[in-house]
Amino acid sequence: MTQTAAIIGGGVIGGGWAARFLLMGWDVRVFDPDPDATRKIHEVLDNARRSLPGISDVALPDEGRLSFHDTMTEAVEGAVWIQESVPERLELKRRVYQTIQEHCDPSAVIASSTSGFKPSQLQGCATRPAQILVAHPFNPVYLLPLVELVPSDQTPPAHVERSKDILTGIGMYPLHVRAEIDAHIADRFLEAVWREALWLIKDGIATTEEIDNAIRYGFGLRWAQMGLFETYRIAGGEAGMRHFIEQFGPCLEWPWTKLMDVPTLTDDLIDKIAGQSDAQSGQYTIRQLERARDNNLVTILRGLKGQDYGAGALLNAHDARLQGDIRLPDDLSKPIVTIDRVVPLDWTDYNGHMNEAKYLQAFGDATDRLMWLVGCDADYIASGSSFFTAETHIRHLDEVHAGTRIRVETQVLQGTGKKLHVFHRMFADTRELATGEHFLLHVNLETRKACDPDDRVAVPMARVAAAHADLPRPEGAGAAVGIR
Ligand SMILES: NC(=O)C1=CN([C@@H]2O[C@H](COP(=O)(O)OP(=O)(O)OC[C@H]3O[C@@H](n4cnc5c(N)ncnc54)[C@H](O)[C@@H]3O)[C@@H](O)[C@H]2O)C=CC1
Ligand SMILES: C[N+](C)(C)CC(=O)CC(=O)[O-]
């Protein structure tokens, strides 16, 4: 059954939560008194629809239903997850929980997006304090997996575990912060970096752009994939972390930081920062900057998926959960669906549509899936045999854009002995986009020579080929390149 999330406060962060829940198949109810909230949420949703589904290599669940409500009461009734993202004012948040708890299900999770308050502060005058915890996300919530999950000592462990399960289910990484502190874990770092940056600007050492360059051309790239400690372990050379500390430990005593000394945000300093920021990025609208950010994040995250590392490994695990068991369908009287996914942002090119190289990637992925289905899986390959592609012919029939859901249907034209001849047809709904015809040879991975597969592959491959032999030969099969 579809579950319901209530989003209380639909600004930058509430909008991001609404988009993530919705695109992961939840129904979403929003309450926000701002008359502009509906427009703003739809704009965040547009960004999310264009970026999030393509991160996944499998289709996401069908989008849930989005509704806007005039009262908090109506929004929270029956909701399983209630995410509060109202402005960062303690008395406002506490008032909001009082109204929520009058009307919500006592078993619902009430989670706050607060950047800095501790859960025990939020629980202050609540009717059922144990129900409230912190789930602090990162902007854009629909793309970044991290959510700091902070319970207080009043929060039952079962409530924490259930919250973790729900957040994992919507593709997030719940980082359980075991002891509550102001600003949790990540905002402590951000605050430290922010303070140093303010000093560098105030003292005229660097501009906003130079500071951003110092991050994005260097350590920001390292942090995105290995974080701080794994990075510094490597920086210690073969002797690792101990040598790193030996070498750089003394800096702690040197004047390398002004952290404890906070610069006052005077009008002059604010003008200086805002002026430099305008000079750096004022030629772009916030929506343009959001899109650039999302394109970059999608590209980085998809790269990390390829390495199965850090956030990429998390996304792969989420895909595997969405995918479920991979097995041959019982009904082999029609072509097999080998790909069902959305075209990611980084698959498009200067012509504004899917680049030709990515058709081969999609068809290659479809072939990999077929190989897997007929028994040529990781274990089989590890045992010393696989398939190599010997010939490929792709026909482009219609264009397709980022964000479109595509499906590849695969017909086996021949599957006997060492020969596997497949014909893939790519569709967007009923529109045929491309075909890919591929001839593969089964090989011994030691000799690198063609050989017959053993029964683990030979039997299922022959079964599919026999069933597909009754299908009409697809239009375009065996075609050569020609001008119509
Ligand atoms: N902006 C950021 O980068 C991040 C913010 N947060 C946290 O998320 C929370 C919200 O921050 P933003 O989304 O940035 O603020 P925002 O100002 O963009 O949105 C707040 C929304 O709450 C609405 N609101 C005000 N009173 C309300 C009420 N009584 N009931 C329902 N809605 C109400 C406002 O109309 C507004 O749309 C804060 O606790 C903040 O610390 C967390 C992570 C990052
Ligand atoms: C600036 N901030 C404290 C609101 C930042 C966050 O809370 C997290 C983020 O998205 O950077």
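Two residues are in contact here when their C-beta atoms, placed from the backbone, lie within 7 Å. By that rule, of the contacts in the chain with a separation of 6 or more, 71% are between residues 24 or more positions apart. Please keep in mind that this is a predicted model.

**The chain as a whole**

Let us start with the overall picture. The chain has 484 residues, and 31% of them are buried. Its secondary structure consists of 16 helices and 14 strands. Measured out along the principal axes, the C-alpha trace spans about 75 × 55 × 45 Å.

**Around ligand 1**

The shell around ligand 1 holds 23 residues, and the ones that come nearest are G9, G11, I13, D34 and S115. Two elements, α1 (12-23) and β6 (132-137), each give two or more residues to this shell. Helix α1 supplies the largest share, with three residues. By class, the shell around ligand 1 has ten nonpolar, ten polar and three charged residues.

A record touches on this stretch too: the unreviewed UniProt entry lists G9, G10, G11, V12, I13 and G14 under "binding site". G9 and G11 therefore appear both in that record and among the residues that come nearest to ligand 1. Both glycines sit in a loop, with G9 between β1 (4-8) and α1, and G11 also placed between β1 and α1.

How buried or exposed is G9? With 26 other C-beta atoms within 10 Å, G9 is buried. G11 has 18 other C-beta atoms within 10 Å, so G11 is partly exposed. Leaving aside neighbours within four places in sequence, G9 is in contact with G14, D32, E84, S85 and V86.

**Around ligand 2**

Which residues surround ligand 2? They are S115, F138, N139, D187 and L190. By class, this shell divides into two nonpolar, two polar and one charged. N139 has a further feature of interest, as a cis peptide bond with omega of about 0° joins N139 and P140. P140 lies in the loop between β6 and β7 (146-150).

**The annotated C-terminal domain and W194**

The unreviewed UniProt entry places the feature "domain: 3-hydroxyacyl-CoA dehydrogenase C-terminal" at residues 185-249. In the model, this span is 80% helix and 0% strand, and its end C-alpha atoms lie 22 Å apart.

W194 belongs to helix α7 (residues 186-202). W194 is exposed, because there are 10 other C-beta atoms within 10 Å. From C-alpha to C-alpha, W194 and G14 are 24 Å apart in space, and 180 residues separate them in sequence.

**A helix pair**

Two packed helices are described by the angle between their axes and the distance between the axes. For helix α12 (residues 286-307) and helix α13 (residues 311-323), the axes come within 7 Å and cross at roughly 80°. That crossing angle makes α12 roughly perpendicular to α13. On the α12 side, the contact is made by L301, L304, K305, G306 and Q307, which meet A311, G312, L315 and N316 in α13. The contact of α12 with α13 has four nonpolar, four polar and one charged residues.

**Positive phi angles**

If you like to check backbone geometry, D429 and R448 are worth a look. D429 has a positive phi of about 60° although it is not a glycine. The phi of R448, likewise a residue other than glycine, is positive and near 60°. D429 is in the loop between β12 (419-428) and β13 (431-444), whereas R448 is in the loop between β13 and β14 (449-450).

**Burial at a glance**

The table brings together the C-beta counts for the residues discussed above.

| Residue | Other C-beta atoms within 10 Å | Class |
|---|---|---|
| G9 | 26 C-beta atoms | buried |
| G11 | 18 C-beta atoms | partly exposed |
| W194 | 10 C-beta atoms | exposed |
| D429 | 8 C-beta atoms | exposed |
| R448 | 8 C-beta atoms | exposed |

Why does D429 count as exposed? The reason is that D429 has 8 C-beta neighbours inside 10 Å, and a residue is exposed if that number is 12 or fewer. R448, with 8 other C-beta atoms within 10 Å, is exposed as well.

Note on methods
Residues are numbered from 1 along each chain as its sequence is written. Chains are lettered from A and ligands numbered from 1 in the order in which they are written. This is a predicted model: local features need pLDDT of at least 70, side-chain atom pairs count only at pLDDT 80 or more; totals for chains, interfaces and linings use all residues. Axes are lines fitted to C-alpha atoms, for helices over the stretch in contact, and angles run from 0 to 180 degrees between N-to-C directions. Helices (H or I, at least four residues) and strands (E, at least two) are DSSP runs, numbered from the N terminus. Angles under 35 degrees count as roughly parallel, over 145 as roughly antiparallel, 65 to 115 as roughly perpendicular and the rest as oblique. Ala, Val, Leu, Ile, Met, Phe, Trp, Tyr, Cys and Pro count as nonpolar, Asp, Glu, Lys and Arg as charged, and the others, Gly among them, as polar. A residue is near a molecule or strand if its C-beta atom, placed from the backbone, lies within 6 Å of it. UniProt positions are given in the numbering used here, feature names are shortened, and annotations may be inferred rather than shown by experiment. A residue is buried if 20 or more other C-beta atoms lie within 10 Å of its own, exposed if 12 or fewer, and partly exposed in between; C-beta atoms are placed from the backbone.
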